[in-house]
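Here is a short report for a reader who is new to this structure. It starts with the open space at the surface and then moves to the interior, the charged pairs and the backbone.

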Amino acid sequence: MLILGIDTSCDDTSVALLRDEKEILSNVVSSQVDLHAVFGGVVPEIASRKHLEFIDIIAKEALREGKADYRDLDAISVTAGPGLIGSVLIGLCFAKGLACSLQKPLIGVNHIEAHAMSIFLERDVDLPFIALVVSGGHTMIIRLDEPCRYSVLGTTKDDAAGEAFDKIAKYLAIGYPGGRIIEEYSRKGKKDHVMFPRPMMDDNTCDFSFSGLKTAFINYAKHHRIDEKNIADVLASFQEAVIDVLFQKTLRAVKKTGIPRVVVGGGVASNGRLREVFQERGKEGGLAVMFSSPGFCTDNGAMVALLGHYYLRRGIVSPLDAKAFSRMALPGFMKC
């Protein structure tokens with residue numbers, strides 16, 4: 001089974017070619033980081049225009065690397081959401097055009113589920129498992145019972161974790177992408193220099209809120225001088241607060257469900273300190289914590305192709321009038 005996977009959910013244009021479940025023939029990613037760095041964050045209009053400019057080129061490159069032709073495809077899998085709606089529409093419309101012209105099945109997939117399933121590109125994991133998907137646009141905990149069957153256990157009520165990193169970096173004018181830069185500073189800092197709050201830790205849910213933590217940081221910055229002498233300590237403390245919340249909420253989901261397997265995906269899952277905390281504390285709590293490789297944590301077409309493979313294997317395809325969506329789909333979307 002040969003599937004073309006397309007992802008344009010945010011600012012990366014990615015197309016991959018996947019044979020069956022594990023054989024990645026190509027996985028081409030075109031990053032827009034340099035374009036958005038001057039603004040300190042992703043500008044949706046710029047992102048969608050660049051997707052439109054490059055999608056056809058990236059798709060042809062993926063086929064060239066995979067030594068395949070459009071006529072060889074068995075299906076086209078594409079992110080239908082959630083994401084920046086203008087960006088999502090570029091990939092979805094391109095996929096619809098291919099599916100229509102080639103008379104091949106169209107499979108619109110959920111970007112969050114694709115991140116959760118990306119672990120299967122590299123290894124097998126026993127099901128069910130708890131998946132924490134944490135990125136610039138999303139922070140969610142889902143329970144994955146089997147491929148194509150999942151339920152949402154918790155989500156962010158405001159800013160995603162990666163978004164909070166980006167906004168703090170922009171506030172301090174230290175560059176973009178914020179998460180990567182803050183991680184670099186934090187390696188040299190003291191994690192307990194400032195005791196920032198851990199939002200929503202006293203409730204009984206698996207939901208997140210990072211807007212208040214972001215505000216707490218800004219309030220601290222307004223009353224304390226942050227310079228080259230202490231910036232590493234302050235950012236390390238902020239990063240530790242974010243990671244602590246992510247782990248404790250994930251641990252709560254584990255206790256609620258009784259499922260001791262945790263998979264962490266999404267761009268923020270590339271953070272070295274986050275991986276260290278989850279591995280160390282997870283081991284102490286008897287949890288099996290697994291991460292995708294950094295290249296598969298960020299947005300990529302391979303995970304979209306993989307999820308499309310599972311949907312197609314179950315005979316689940318999308319109509320040519322499938323809608324794009326910017327937020328998490330309602331329960332029941334594309335369930336088996």
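**The largest pocket**

The largest pocket has a lining of 47 residues. Nearest its centre lie C10, S135, G136, G137 and D166. The model is a predicted one. The space in this pocket comes to about 1500 Å³.

Which elements give two or more residues to the lining? They are helix 4 (111-117), strand 7 (139-146), helix 5 and helix 6. Helix 5 supplies the largest share, 6 residues. By residue class, the lining of the largest pocket splits into 21 polar, 14 nonpolar and 12 charged.

**The nonpolar cores**

The largest nonpolar core holds 46 residues. Those with the most contacts inside it are F196, F210, F238, L246, V264 and F278. Several elements each give two or more residues to this core. The helices are helix 5 (161-172), helix 6 (178-186), helix 7 (211-223), helix 8 (231-257) and helix 9 (272-284). The strands are strand 6 (129-134), strand 9 (261-265) and strand 10 (288-291). Helix 8 gives the most to this core, 13 residues.

F238 shows how such a residue is surrounded. Neighbours within four places in sequence aside, F238 is in contact with A164, F165, I168, F196, L213, K214 and F217. A second core is separate and has 35 residues, including A114, I119, C148 and Y150. In soluble globular proteins, nonpolar side chains tend to be buried together.

**The cavity**

How many cavities of 30 Å³ or more does a search of the whole structure find? It finds 1. The largest cavity contains about 40 Å³ of space. Its lining is made of F247, T250, L251, V254, V262, F278, L287 and V289. Helix 8 gives the most to this lining, with 4 residues. The lining of the largest cavity has 7 nonpolar residues, 1 polar and no charged. F278 belongs to this lining, and F278 is also among the residues with the most contacts inside the largest core.

**Salt bridges**

Across the whole structure, a search finds 23 salt bridges. Side chains of opposite charge can pair when their charged atoms come close. Three of the pairs are set out here.

| Salt bridge | Closest N to O distance |
|---|---|
| D69 and R71 | 2.9 Å |
| R143 and D145 | 2.7 Å |
| D227 and R225 | 3.2 Å |

How exposed are the partners? D69 is partly exposed, at 30% relative accessible area. R71 counts as exposed, at 68%. R143 is partly exposed at 26%, and D145 is partly exposed at 28%. D227 is partly exposed at 23%, whereas R225 is exposed at 68%. There is also a network of salt bridges, which links D159, E163, K167 and K214. K214 appears again here: F238 is in contact with K214.

**A meeting of distant stretches**

G267 sits in the loop between strand 9 and helix 9. It is partly exposed, with a relative accessible area of 30%. Along the chain, G267 and S135 are 132 residues apart, but their C-alpha atoms are separated by 4.8 Å. Leaving aside neighbours within four places in sequence, G267 is in contact with V134, S135, C297 and T298. S135 is one of the residues nearest the centre of the largest pocket.

**Backbone details**

Most residues other than glycine have a negative phi, and most peptide bonds are trans. Some places in this model depart from that pattern.

The peptide bond from G81 to P82 is cis, with omega near -10°. P82 lies in the loop between strand 4 (75-81) and helix 3 (85-102). A cis peptide bond also joins L127 and P128, with omega about 0°. P128 is in the loop between helix 4 and strand 6.

Two residues have a positive phi. Q103, which is not a glycine, has a phi of about 60°. Q103 is in the loop between helix 3 and strand 5 (106-110). For C148, also a residue other than glycine, phi is near 80°. C148 is in the loop between strand 7 and strand 8 (149-155).

Is each of these two residues buried or exposed? Q103 counts as exposed because its relative accessibility is 66%, over the 50% cut-off. C148 counts as buried because its relative accessible area is 0%, under the 20% cut-off. C148 is also included in the second core.

Conventions: Residues are numbered from 1 along each chain as its sequence is written. This is a predicted model: local features need pLDDT of at least 70, side-chain atom pairs count only at pLDDT 80 or more; totals for chains, interfaces and linings use all residues. Side-chain values use heavy atoms; hydrogens and water are left out. A nonpolar core is a set of buried Ala, Val, Leu, Ile, Met, Phe, Trp, Tyr and Cys residues joined through side-chain atoms within 4.5 Å. Buried means under 20% relative accessible area, exposed over 50%, partly exposed in between (1.4 Å probe, protein chains only). Contact means heavy atoms within 4.5 Å. On a 1 Å grid over the protein atoms alone, a cavity is a set of points where a 1.4 Å probe fits but cannot get out, and a pocket is an open set with protein on both sides within 12 Å along at least five of seven lines; lining residues have an atom within 4 Å of a point. Grid points are joined across faces, edges and corners, and a volume is the space filled by probe spheres set on the points. Ala, Val, Leu, Ile, Met, Phe, Trp, Tyr, Cys and Pro count as nonpolar, Asp, Glu, Lys and Arg as charged, and the others, Gly among them, as polar. A salt bridge is a side-chain nitrogen of Lys or Arg within 4 Å of a carboxyl oxygen of Asp or Glu.
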